[in-house]
Amino acid sequence: EDSCELDHWSDWTKCSAACGLGVAARTRQVGSVGHANGCTAALSEVKACHTIECEPVDCTWGDWDHWSGCTNSCGGGTKRRGRLIEAVPQNGGQLCAAEAKA
């Protein structure tokens, strides 16, 4: 059995996530400790919190790189260029469409 007096719980903190699932916490302090058994009561609590659903973010492509040099000096060849994904889809957003050229 605990032999201590605990202060009141603090208010819950703001949810750690602006949208979707996050956490909130609260704490309390030991006011005084009695005999040798000390205090084993929890001094902090954490709970899940959910504010609003996050808006979907669709995939977007970045800019095209410059064209590479030609693979042949004469008689035909190929040039290549690439690009990276600028924003990955989140929260159910649309995937990037496969695009070979633009």
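This is a short chat about the cysteines of a predicted model.

Reader: What should I know about the model before counting disulfides?
Author: It is a predicted model, where local features need pLDDT of at least 70, side-chain atom pairs count only at pLDDT 80 or more, and totals for chains, interfaces and linings use all residues. Residues are numbered from 1 along each chain as its sequence is written, and side-chain values use heavy atoms, with hydrogens and water left out.

Reader: How many disulfides are there?
Author: Three, taking a disulfide as a pair of cysteine sulfur atoms within 2.5 Å.

Reader: What about C15 and C49?
Author: Their sulfur atoms are 2.1 Å apart and form a disulfide. The S-S torsion is about 90°, so this link is right-handed.

Reader: Are they buried or exposed?
Author: C15 is buried at 16% relative accessible area, and C49 is buried at 13%. Buried means under 20% relative accessible area, exposed over 50%, partly exposed in between (1.4 Å probe, protein chains only).

Reader: Which cysteine does C19 pair with?
Author: C54, with the sulfur atoms 2.1 Å apart. The torsion there is about 100°, so that disulfide is right-handed. C19 itself is partly exposed at 28%.

Reader: And what is the handedness of the C59 and C96 link?
Author: Left-handed, with -75° about the S-S bond. The S to S distance in that disulfide is 1.4 Å.

Reader: Different topic. Why is C74 not bonded to C70?
Author: The sulfur of C74 is 9.4 Å from that of C70, its closest cysteine sulfur, and that is too far for a bond. C74 is exposed at 62%, while C70 is partly exposed at 43%.
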